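Student: I'm new to this structure and would like a close look at a single part of it. Could you pick one strand, walk me around it, and then show me a few other places worth a look?

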Amino acid sequence: MGSRPARRGALRKGPRRIPALALLIAACGHSESYKVTAIPDNDLPLSTDAPSRLTFDPGMDRFPSHSSDGTTLWYSFQSPIRQDGDRCLARIPAAGGTRTEFCLDAIEGLTRRDAFDMPSPGPGGQLIYVRYASDIGAFLPDSGTILLATEANPMVARPLLRLPTAIDGIGFTYTGRIRWLTPDHIVFVGEDMSVRRICGSCATKDTIYRGAGLIDGRITATGATFAFIPGTLFASDFDFSSGRDSLYFTATDDDPVALPRRGHVLFAIPLAGGVPRVVFATVPGDTLYSVARTTTRFAVTTKSQIISVDPAAGTSFTLAGPTYGNASKFGLASASPDGCRLTAEFRFPLVPTYTTDLFRFPSGVSGCPP
């Protein structure tokens with residue numbers, strides 16, 4: 001959760017271990033002045049239909065996810081004014097408004113760095129997210145847990161899976177996107193987080209993420225069972241088809257110099273797994289970071305664009321325009337359940353680091369309200 005640039009704004013952590021995590025203690029606050037506002041003049045447009053900037057936090061606002069009824073947007077935020085550097089949960093009305101915050105403000109929390117990531121609201125008011133913890137100043141998580149709670153009381157939760165772990169021989173230390181299929185059925189991205197030097201001779205380090213694959217989870221009364229979905233090795237993000245019987249996913253390259261490259265391809269595969277097929281590809285090197293379904297189309301993000309893809313017709317068009325400077329890029333995208341709106345992370349360069357805010361803009365789907 002440090003201030004160093006990273007695709008996921010990672011925590012900085014030490015040796016990996018898996019201690020038991022206690023149930024979380026409820027704590028919340030409120031922050032005003034998070035209203036839908038037109039993009040300031042110094043920002044380049046993200047689409048021809050003038051997106052709305054939802055957050056203005058000087059820290060990082062990340063991992064957006066719409067509630068099942070489409071009225072609420074959940075995400076994670078990291079405020080630079082917090083002494084412990086924690087990343088907390090937040091929710092706002094889907095069209096913008098007052099932010100409600102959920103942080104771990106217990107006294108013992110000041111000596112540790114906590115991150116509450118990837119909130120995913122589900123059927124019946126359920127909420128899944130992941131909590132990571134580390135000593136302040138470490139680079140990698142020393143513990144993580146996928147937690148099940150409710151939207152009404154997010155900080156009272158029960159553990160579903162401890163991290164790091166291995167499922168069917170697929171090891172991962174971190175969790176990416178989590179999506180609900182039914183009230184007791186989820187799919188999520190397993191990821192591996194590591195540290196590398198930004199350049200060969202410099203001391204500055206950065207955290208990097210590699211998709212390990214998609215994991216199928218079945219929630220039970222006392223826990224959950226998990227299985228790797230065959231054919232999704234290296235998957236980095238995904239969404240369901242409109243019939244919810246298939247998965248569309250992006251992937252990371254397992255070898256930076258190997259060919260063919262996976263990172264610029266959108267794949268499709270049956271929900272139960274199988275042999276993936278290519279449904280869309282950008283030019284090699286133009287990495288696809290995220291995918292979100294908008295009715296029968298899919299929005300995929302690259303560094304500088306959001307592209308709307310129609311897999312059935314084999315057509316695509318660019319939904320978003322250029323970035324704000326060379327260091328800017330899009331990140332995770334989330335579509336509302338009706339497919340009419342997209343919310344996407346957009347990274348702005350700062351000195352010496354960057355900030356990430358959330359933007360909402362029309363998805364280009366016909367029949368949507370203005």
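Tutor: Here is a walk around strand β23, followed by a few stops elsewhere in the chain.

Before we start, this is a predicted model, in which local features need pLDDT of at least 70 and side-chain atom pairs count only at pLDDT 80 or more, while totals for chains, interfaces and linings use all residues. Residues are numbered from 1 along each chain as its sequence is written, and side-chain values use heavy atoms, with hydrogens and water left out.

Strand β23 covers residues 297-301. Strands here are DSSP runs of E, at least two residues long, just as helices are runs of H or I with at least four, and both are numbered from the N terminus. Of the 5 residues in β23, 5 are buried, so the strand is largely enclosed by the rest of the structure. Buried means under 20% relative accessible area, exposed means over 50%, and partly exposed is in between, using a 1.4 Å probe and protein chains only. You can check that on both faces: R297, A299 and T301 sit on one side, F298 and V300 on the other, and all of them are buried.

Now look at the neighbours. Two strands count as paired if DSSP finds at least two bridges between them. Strand β22 (residues 290-294) pairs with β23 in the antiparallel sense, over 5 bridges. Within that pairing, A292 stands opposite A299, and R293 has F298 as its bridge partner. The two strands make a hairpin with 2 residues between them, and T295 in the turn has a positive phi of about 55 degrees.

Strand β24 (residues 306-310) also runs antiparallel to β23, joined to it by 4 bridges. A299 turns up again here, standing opposite S308 in β24. This connection is a hairpin too, through 4 residues.

Step back and you'll see an open sheet of 4 strands in the order β22-β23-β24-β25, with antiparallel pairing. At the edges stand β22 and β25 (315-318), each with a single partner strand, so one side of each is left without a neighbour in the sheet. Neighbouring strands of this sheet are turned by 25 degrees against each other on average, direction ignored. Those angles use axes that are lines fitted to C-alpha atoms (for helices, over the stretch in contact), and they run from 0 to 180 degrees between N-to-C directions.

There is another open sheet of 4 strands to set beside it, ordered β18-β19-β20-β21 and paired antiparallel. Its edge strands are β18 and β21 (277-281), each pairing on one side only. The twist in this sheet averages 30 degrees from one strand to the next. Strand β20 (residues 265-270) meets β21 over 4 antiparallel bridges, and V265 has A281 in β21 as its bridge partner.

Next, some charged side chains. A salt bridge is a side-chain nitrogen of Lys or Arg within 4 Å of a carboxyl oxygen of Asp or Glu. By that rule the count comes to 10 salt bridges. One of them joins D61 and R99, at 3.9 Å from N to O. D61 lies in strand β4 (residues 60-66) and R99 in strand β7 (residues 99-102), so the pair ties together parts that are 38 residues apart in sequence. Both D61 and R99 are buried. R99 also meets E101 in a salt bridge of 2.7 Å, N to O, and E101 is buried as well. D61, R99 and E101 are thus named as a network of linked salt bridges.

Strand β4 has a further contact: E345 forms a salt bridge with R62, their closest N and O atoms being 2.5 Å apart. This pair links distant parts of the chain, with E345 in strand β27 (residues 341-349) and R62 in β4, 283 residues apart. Both E345 and R62 are buried.

For a contrast in accessibility, try R158, which lies in strand β11 (residues 158-163). At 26% relative accessibility, R158 counts as partly exposed. A polar atom of the R158 side chain lies 2.8 Å from the backbone oxygen of T220.

Notes
A polar contact is a pair of N or O atoms within 3.5 Å; within protein, one must be able to donate a hydrogen and the other to accept it, and residues adjacent in sequence count only if both atoms are side-chain atoms.
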